[in-house]
Amino acid sequence: MALNTISKQAILSGLATFLCLSMVSPVSAAPTLNRRDAAVSANDWDPMLKGDKSAKCADLAVIFARGTFDQGNLGPWVGGPFHDALIADSKSSNIAIAVQGVSTDDYPADLAGYIEEGGSNSCAKSLGATVQKYSSHCPDSKIAIWGWSQGALCAHKALGQVGTAVSNVIALGVFGDPIRVWQNAVEYPQIPNNTKLLSYCEKTAPDPLCSDVKEMIPTSATGFINSLVDAWNKVQQTHMNDAQKEALKSLLVELPKQATNEITQLGKDFVSGHLNRWLLTPEHFWYGIDGTVKTASDDLISVYKGQP
C-alpha cells in the first residue's frame with residue numbers, strides 16, 4: 001500500500017496534530033524561572049565510582065537519562081534545568097544530593113535507540129550497572145532514577161538492570177514519558193512497591209508523546225518529517241537559555257537527518273498506526289522551561305523525607 005493512500009483507520013486514534021499546535025502563533029512557553037544556562041553534564045558520582053577514598057556518599061543520589069538528540073550526559077532541555085533545581089533544593093533542605101548523567105559513551109541518545117528499541121537498551125544497561133556500583137560503595141544512600149523522553153524509557157528499562165540495588169531506589173521520575181505508545185511493543189519492568197513513580201506530562205500545550213491530542217492524517221512519510229521540522233522552525237526562542245538555543249540549531253539538523261535514516265521504519269509505523277511514536281514536537285521539550293523541573297525536584301525531596 002502506498003504511504004500517500006493510507007486510510008484513516010491505519011492511524012491510531014488520538015494522533016497528534018503538531019501542525020495545529022505550531023500554528024496557534026509560533027510555539028511559546030511559559031516564562032522560565034531562571035534564564036541562567038543550566039549544566040548539560042553532571043558527574044557527581046564519578047569520585048565514588050572511581051574509588052576515590054576521600055569521596056563522600058550522598059544522602060540522595062540521582063541519575064538522569066537524557067532525551068533524543070540531547071548533548072552532554074544531561075542535556076540542556078530538561079536534565080540541565082532539573083540538575084539546577086535539585087542543587088537549589090539540596091542547599092535549602094540540607095540534603096546532600098549527587099547528580100549523575102548516563103554515560104555518553106554507552107548511550108548516544110540517537111533516534112535509532114528510540115525508534116528501533118523503544119528506548120536504548122545500552123542506556124538501560126549502563127544506568128543499571130552504574131546504580132549497582134554506586135550502591136555497593138554507598139549502601140545507605142537513597143537512589144532516584146530519572147529520565148526524559150527516550151531517557152524515560154531507558155529509566156523504566158533500567159529498573160530491571162539494577163539488581164539488589166533496587167531496594168535503595170526510592171523513586172522513578174519521568175518527564176514526557178512515551179511509555180503509553182510503546183507498551184504494546186516492548187515489555188517494561190514493573191515498578192517495585194518501594195519505588196515511587198513521579199511522572200510529569202504537559203497537558204496545557206499538550207505533549208503528544210504522553211497525552212491525547214487532536215487527530216491528523218499526514219499524506220506521506222517525508223511530508224511528516226518536513227512538517228515536524230517546520231513546527232520547530234516556528235518556535236519562539238524568547239524563553240530559551242543559550243544552551244537550549246544552540247541545541248535547537250543542532251536539532252534542526254539532526255532530526256531530519258536521523259529521521260531520513262529511519263525512513264523504512266517510519267513507513268512501517270505509518271502503515272501500522274504507530275506514527276505517534278515519532279511526535280517529537282516542541283511541546284515535548286518544555287519541561288525545563290515552564291517550571292516543571294522545580295515541581296519535580298520538590299516532589300522528590302518530599303519522597304526522600306518520607307523514607308524511614
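The accessible surface of the chain comes to about 12,900 Å², and carbon and sulfur atoms hold 49% of that area. The model is a predicted one. Of the 308 residues in the chain, 56% are buried. Contacts can also be sorted by distance along the sequence: among those with a separation of 6 or more, 85% join residues that are 24 or more positions apart.

The secondary structure consists of ten helices and five strands. The five strands form an open sheet, in the order β2-β1-β3-β4-β5, and their pairing is parallel. Strands β2 and β5 (196–200) stand at the edges with a single partner strand each, so one side of each has no neighbour in the sheet. From one strand to the next, the twist averages 15°.

Strand β2 covers residues 97–101, and five of its five residues are buried, so the rest of the structure largely encloses this strand. The burial applies to both faces of β2: Ile97, Val99 and Gly101 lie on one side, Ala98 and Gln100 lie on the other, and all are buried. An edge strand in the sheet is thus not an exposed strand here, because being buried depends on cover from the structure as a whole, with the limit set at under 20% relative accessible area.

The partner of β2 is β1 (residues 60–65); the two run parallel and are joined by five bridges. Two pairs of residues help to locate this contact in the model. Alanine 61 stands opposite alanine 98 in β2, and phenylalanine 64 stands opposite glycine 101 in β2.

Helix α3 (residues 75–93) belongs with these two strands: β1, α3 and β2 make a right-handed β-α-β unit. The helix lies across β1, β2, β3 (142–148) and β4 (169–175), and runs at about 170° to β1. Helix α5 lies across β1, β2 and β3, also at about 170° to β1.

Within helix α3 is glycine 80. Is this residue buried or exposed? Glycine 80 is buried, with a relative accessible area of 0%. Its C-alpha atom is separated by 4.7 Å from that of alanine 39, although the two residues are 41 residues apart along the chain.

Another residue to find is serine 120, in the loop between α4 (111–117) and α5 (121–137). Serine 120 is buried despite its place in a loop, because its relative accessible area is 4%, and the limit for buried is under 20%. Leaving aside residues up to four places away in sequence, serine 120 touches Tyr107, Gly113, Gln150 and Cys154.

The last topic is the nonpolar interior. In soluble globular proteins, nonpolar side chains tend to be buried together. The largest nonpolar core of this chain has 61 residues, and those touching the most other members are Leu60, Val62, Trp77, Phe82, Trp146, Phe175 and Leu300. Another core, of 27 residues, lies apart from it and includes Ala58, Ala61, Ile63 and Leu159. Ala61 has already appeared as the residue opposite alanine 98 in β2.

Notes
Residues numbered from 1 in each chain as written. Predicted model: local features only at pLDDT ≥ 70, side-chain atom pairs only at ≥ 80, totals over all residues. Heavy atoms only, no water. Helix = DSSP H or I, 4+ residues; strand = E, 2+ residues; numbered from the N terminus. Buried < 20%, exposed > 50% of the residue type's maximum accessible area, 1.4 Å probe, protein only. Contact = heavy atoms within 4.5 Å. Areas by Shrake-Rupley, 256 points an atom, 1.4 Å probe, with all protein chains shown as cover. Core = buried A, V, L, I, M, F, W, Y, C linked by side-chain atoms within 4.5 Å. Pairing = 2+ DSSP bridges. Right-handed = clockwise from strand over helix to strand, strands pointing away. Axes fitted to C-alpha atoms, helices over the stretch in contact; angles between N-to-C directions.
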